[in-house]
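Student: Could you take me on a close look at one part of this model and show me how the rest of the chain is arranged around that part? I would enjoy one connected walk-through.

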Amino acid sequence: MKCRLLGPILVLVIMLCSMCQGVLMRWSSDVGGNDHFYEVISVPSGINWYQANTSATSSGGYLATITSAAENSFVYSILDYNTDFIGEWDWGPWLGGYQPAGSPEPSGGWRWVTGEPFTYTNWKPGNPDNGGGIENFLHFLQGPQWNDIAPYGAWNSIPLQGYIVEYIPEPATLLFLGLGGLSVLRRKV
Ligand SMILES: [Ca+2]
Ligand SMILES: [Ca+2]
């Protein structure tokens, strides 16, 4: 039994460790979480929402979708405020929320990239405001609260410097964790 499990588990761990760079943080069901992994990807040169979305899906996850206050607290807790929030206005990383073109402004039609219900929200007061008529994408702003912003960042010209990816682990990975595996997987840089 041990030998039969070891191979797939190692393959999964190697796959997780090779998907991209950074530290995977597990929101454990032991503390009321969903057992998903989250990863903050720092992009000092800047990245727009479309690029972040493509990168997240190509690495096997998706831009983080936040559907409860508890999840918002967990995801925000893994951010380093000093490096993940940038600029005069403390712009934080991209999330997986967006507003399709043609939605009633400023608050209509918001959805998650996964299709999960967009019922829980944590807008910063005054948002969403569809500033400049072009703000249809979601990110953390000045803390754990959200802002709608343009796809290319502030004023559609100052890109954000990171994004958060959410991964749903395979059952075998959860079994590995249940057997005493790590709750934090450190990726190779
Ligand atoms: Ca908008
Ligand atoms: Ca806004």
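**A strand covered on both sides, and the core around it**

Tutor: Happily! Let us start with β7, which is covered on both faces: Trp-146 and Asp-148 are buried on one side, and Asn-147 and Ile-149 are buried on the other. That split fits a general pattern, as side chains in a regular strand alternate between the two faces of the sheet. Please keep in mind that this is a predicted model.

The partner of β7 is β6; the two strands run antiparallel and are joined by four bridges. One residue pair to find on your screen is Phe-140 with its bridge partner in β7, Trp-146. Four residues separate the strands of this hairpin, and Gln-142 takes a positive phi near 60 degrees there.

Now for the wider setting. β6 (137–141) and β7 (146–149) each give at least two residues to the largest nonpolar core, as do β2 (37–47), α2 (49–58), α3 (69–77), β4 (91–98) and β8 (160–167). This core has 34 residues, and those with the most contacts inside it are Leu-63, Ala-64, Leu-95, Tyr-163, Ile-164 and Val-165. Val-165 is a good one to click on: leaving aside residues up to four places away in sequence, Val-165 touches Tyr-38, Glu-39, Ile-41, Ala-56, Ser-59, Gly-61, Leu-63 and Ala-64.

Ala-56 leads us to α2, where Trp-49, Ala-52, Asn-53 and Ala-56 are buried. Viewed down the axis of α2, the buried residues fall within an arc of 100 degrees, so they line one face of the helix. They pack against β2, β3 (62–63), β4, β6 and β8, and β6 is the strand that is bridged to β7.

Just after α2, Gly-60 has a positive phi of about 95 degrees. Gly-61 lies in the loop between α2 and β3, and Gly-61 counts as buried because 22 C-beta neighbours are inside 10 Å. Apart from residues up to four places away in sequence, Gly-61 touches Ala-56, Val-165, Glu-166 and Tyr-167. Gly-61 and Ile-164 are 103 residues apart in sequence, yet their C-alpha atoms are 9.8 Å apart in space.

Strand pairing also involves β8: β2 and β8 pair in the antiparallel sense over seven bridges, with Ile-47 opposite Leu-160 in β8. On the β1 side, β1 (residues 23–26) pairs with β2, again antiparallel, over two bridges, and Arg-26 stands opposite Phe-37 in β2.

Between β7 and β8 there is a loop that holds Trp-155. Trp-155 is not a glycine, yet has a positive phi of about 50 degrees. With 12 C-beta neighbours inside 10 Å, Trp-155 counts as exposed, whereas Trp-146 in β7 is buried.

Two backbone details are worth checking before β6. A cis peptide bond with omega of about 5 degrees joins Glu-105 and Pro-106, and Pro-106 sits in the loop between β4 and β5 (111–112). The bond from Asn-127 to Pro-128 is cis too, with omega near 0 degrees, and Pro-128 is in the loop between β5 and β6.

Finally, let us zoom out. The chain has five helices and nine strands, and 33% of its 189 residues count as buried. Among contacts between residues at least 6 apart in sequence, 64% join residues at least 24 apart.

Conventions. Residues are numbered from 1 along each chain as its sequence is written. Chains are lettered from A and ligands numbered from 1 in the order in which they are written. This is a predicted model: local features need pLDDT of at least 70, side-chain atom pairs count only at pLDDT 80 or more; totals for chains, interfaces and linings use all residues. A nonpolar core is a set of buried Ala, Val, Leu, Ile, Met, Phe, Trp, Tyr and Cys residues joined through C-beta atoms within 7 Å. A residue is buried if 20 or more other C-beta atoms lie within 10 Å of its own, exposed if 12 or fewer, and partly exposed in between; C-beta atoms are placed from the backbone. Two residues are in contact if their C-beta atoms, placed from the backbone, lie within 7 Å. The arc is that of the directions from the helix axis to the C-beta atoms. Two strands pair if DSSP finds at least two bridges between them.
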